[in-house]
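Dear colleague,

I am handing this structure over to you, and it follows directly below. Please keep it open while you read the notes after it.

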Amino acid sequence: MEVDRASRPIDPGILARLQARLDELGGISEEPGRLTRWFQSDAMRRVNQRMIEWGTAAGLVPTVDAIGNVRLRRDSAVVPTPGVPRPLLVLGSHLDTVRDAGRFDGPLGVLTALACVEQLQAWGKVPPFDVEVVGFADEEGLRFQTAYLGSAFYIGQFQEAWLGLRGEEGVTLREVLSHEGGVAESVLAAQRTPDGLIGYLEVHIEQGPHLESVDRAVGVVSAIAAQTRARLLFTGRADHAGTTSMELRRDALCAAAECILAVEAKARSVDGMRATVGQIAVEPSASNVVPATVTLSLDIRHAVDAVLAAAVEQLKLETARLAAVRGIGLRWEILQEGTAVPMDEHLSAVLRSGVERVQRDVPVLVSGAGHDAAVMARVCPVAMLFVRCRGGVSHHPDEFASPTDIAAGLSVLADAVCRLADGDVAVSGKGIR
Ligand code: GLV
Ligand code: MN
Ligand code: MN
């Protein structure tokens with residue numbers, strides 16, 4: 001029997017299971033002693049397997065697609081009209097992690113989505129649309145420095161040019177996808193936008209301090225900031241560390257060091273900008289050899305596209321100048337460019353109504369972090385709910401969201417799906433109005 005919306009409590013058993021699953025996935029890693037799951041790793045396969053088992057136990061139909069996204073689907077009871085796709089609501093986030101990650105970034109959204117479907121079933125709620133819980137295969141870009149491989153595939157926008165990307169271990173994306181006798185091109189041929197997409201909802205840990213500072217469990221995202229990822233290649237000359245005078249050196253690492261500080265100075269000078277050099281590789285990397293080549297990663301973000309674009313152009317000029325002064329060659333490779341992504345107004349309003357039920361007011365936040373929702377927004381309305389993050393700490397093993405705040409997040413998500421199911425918001429095959 002269906003339970004009235006106003007009196008719906010979240011089932012403590014479902015919450016306890018969600019917590020236990022978060023703990024379990026937090027222990028599935030490629031590296032001993034720390035949480036690291038990269039794209040197409042054995043740890044990702046093990047995590048997907050657990051999702052399949054949990055989804056199957058909940059009566060969902062599980063699949064893992066050709067790129068490695070795990071999908072758990074519940075079809076609505078509505079009889080489809082021939083030739084017309086049934087509407088589909090997608091709930092999810094990612095299951096890959098950064099290196100030495102926290103347990104919540106990504107899995108919280110996937111497991112809350114699964115718990116939401118379980119809760120709807122416990123309430124006897126059968127939406128008039130299909131629901132798919134998705135655990136995306138690559139949002140962090142740890143292996144190929146290009147984020148969103150999973151969600152890009154999900155919407156049929158995985159680019160063939162990406163197959164040439166080479167990861168840290170020297171293997172290309174083409175090689176990774178060509179395992180077990182398959183060819184990468186045939187993997188790509190399998191991608192297509194799901195039929196009938198009406199919207200995408202993602203719950204995610206905030207990864208910043210705002211909700212904590214205003215003492216609220218959850219908040220609604222207004223937009224995801226624009227981001228550019230680049231690789232900077234510095235070329236100098238290897239020389240003897242004991243015999244080469246300081247004047248004659250062409251030390252690639254000293255040039256790179258100046259450029260790292262220039263990146264920091266630029267970000268500090270622009271309100272709301274974030275810029276990070278998170279990876280550095282030095283060759284030949286010996287204590288008695290002047291560094292010949294250096295490769296840096298650059299991740300730079302701002303909520304306003306034009307501000308970000310201007311900063312990138314200024315940094316290109318400034319780093320070229322700094323390198324030239326030292327006789328060092330510098331090449332920039334842009335790996336990824338994403339514009340700022342506003343959330344859908346109507347779908348966000350559905351989340352806001354749910355937030356009003358669990359707390360006094362509704363904080364609205366811009367996300368500095370990237371999310372699969374930014375990719376899903378290319379094909380359907382999207383909205384995101386943030387859950388408070390202790391100390392704002394994320395991409396770190398100390399990352400933490402409390403069980404009470406997670407319960408608030410689940411409550412809001414379940415409320416939102418019920419509202420959509422009840423027709424409080426007009427839903428059509430083209431999306432939500
Ligand atoms: C994902 O966590 C990102 O914003 O880098
Ligand atoms: Mn992350
Ligand atoms: Mn994330």
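**What was found**

Please bear in mind from the start that this is a predicted model. I begin with a residue that helps to hold a metal, and then go on to aromatic pairs, cysteines and salt bridges.

E140 has a relative accessibility of 8%, and because buried means under 20%, E140 counts as buried. H395, by contrast, has a relative accessibility of 41% and counts as partly exposed. These two residues belong to the site of the manganese ion (ligand 2), whose protein donors are D105 (OD), E140 (OE), E140 (OE) and H395 (NE2), lying 2.0 to 2.7 Å from the ion. Along the sequence, the donor residues follow the spacing D-x34-E-x254-H. E140 and H395 link distant parts of the chain, since E140 sits in the loop between β4 (130-136) and α4 (149-154), while H395 sits in the loop between β14 (382-387) and α12 (403-421), 255 residues apart. Which residue coordinates both this manganese ion and the manganese ion (ligand 3)? That residue is D105, and the two ions are 3.5 Å apart.

**Aromatic pairs**

The count of aromatic pairs comes to 5. One of them is formed by F104 and F400, whose ring centres are 5.9 Å apart and whose planes stand at 85 degrees, so the pair is edge-to-face. F104 lies in the loop between β3 (88-94) and α3 (107-123), and F400 lies in the loop between β14 and α12, so the pair ties together parts of the chain that are 296 residues apart in sequence. F104 is buried, with a relative accessible area of 1%, whereas F400, at 25% relative accessibility, counts as partly exposed.

The rings of F136 and Y154 also make a pair, with their centres 5.5 Å apart and their planes at 90 degrees, so this pair too is edge-to-face. F136 is in strand β4 and Y154 is in helix α4, and the pair thus links distant parts of the chain, 18 residues apart. Both of these residues, F136 and Y154, are buried, and together with Y200 they form one aromatic cluster.

**Cysteines**

A disulfide is a covalent bond between the sulfur atoms of two cysteines. How many disulfides does this model contain? The count comes to 0 disulfides. For C116, which is in no disulfide, the nearest cysteine sulfur is that of C418, 7.3 Å away; because a disulfide calls for two cysteine sulfur atoms within 2.5 Å, C116 and C418 do not form one. C116 is buried, at 0% relative accessibility. C380 is likewise in no disulfide, and the nearest cysteine sulfur to that of C380, belonging to C116, is 16 Å away. C380 also counts as buried, with a relative accessibility of 8%.

**Salt bridges**

A search of the whole structure finds 33 salt bridges, and I describe a few of them here. R73 forms one with D130, and the closest N and O atoms of this pair are 3.0 Å apart. The two residues link distant parts of the chain, with R73 in strand β2 (residues 70-74) and D130 in strand β4, 57 residues apart. R73 is partly exposed, with a relative accessible area of 25%, while D130 is buried, with a relative accessible area of 2%.

D130 also forms a salt bridge with R86, and here the closest N and O atoms are 2.8 Å apart. R86 lies in the loop between β2 and β3, and D130 in strand β4, so the pair ties together parts that are 44 residues apart in sequence. Are R86 and D130 buried or exposed? R86 is buried, and so is D130.

A further salt bridge is the one in which the side chains of K125 and D422 meet, at 2.4 Å from N to O. K125 lies in the loop between α3 and β4, and D422 in the loop between α12 and β15 (427-428), so this pair ties together parts that are 297 residues apart in sequence. K125 counts as buried, at 5% relative accessibility, but D422, at 36%, counts as partly exposed. Finally, salt bridges that share partners join R73, D75, R86, D130 and E132 into one network.

With best wishes

Key. Residues numbered from 1 in each chain as written. Chains lettered and ligands numbered in written order. Predicted model: local features only at pLDDT ≥ 70, side-chain atom pairs only at ≥ 80, totals over all residues. Heavy atoms only, no water. Donors = N, O, S within 2.8 Å, 3.2 Å for Na, K, Ca; no water. Helix = DSSP H or I, 4+ residues; strand = E, 2+ residues; numbered from the N terminus. Buried < 20%, exposed > 50% of the residue type's maximum accessible area, 1.4 Å probe, protein only. Phe/Tyr/Trp six-rings, centres within 6.5 Å; stacked < 30°, edge-to-face > 60°. Salt bridge = Lys/Arg side-chain N within 4 Å of Asp/Glu carboxyl O.
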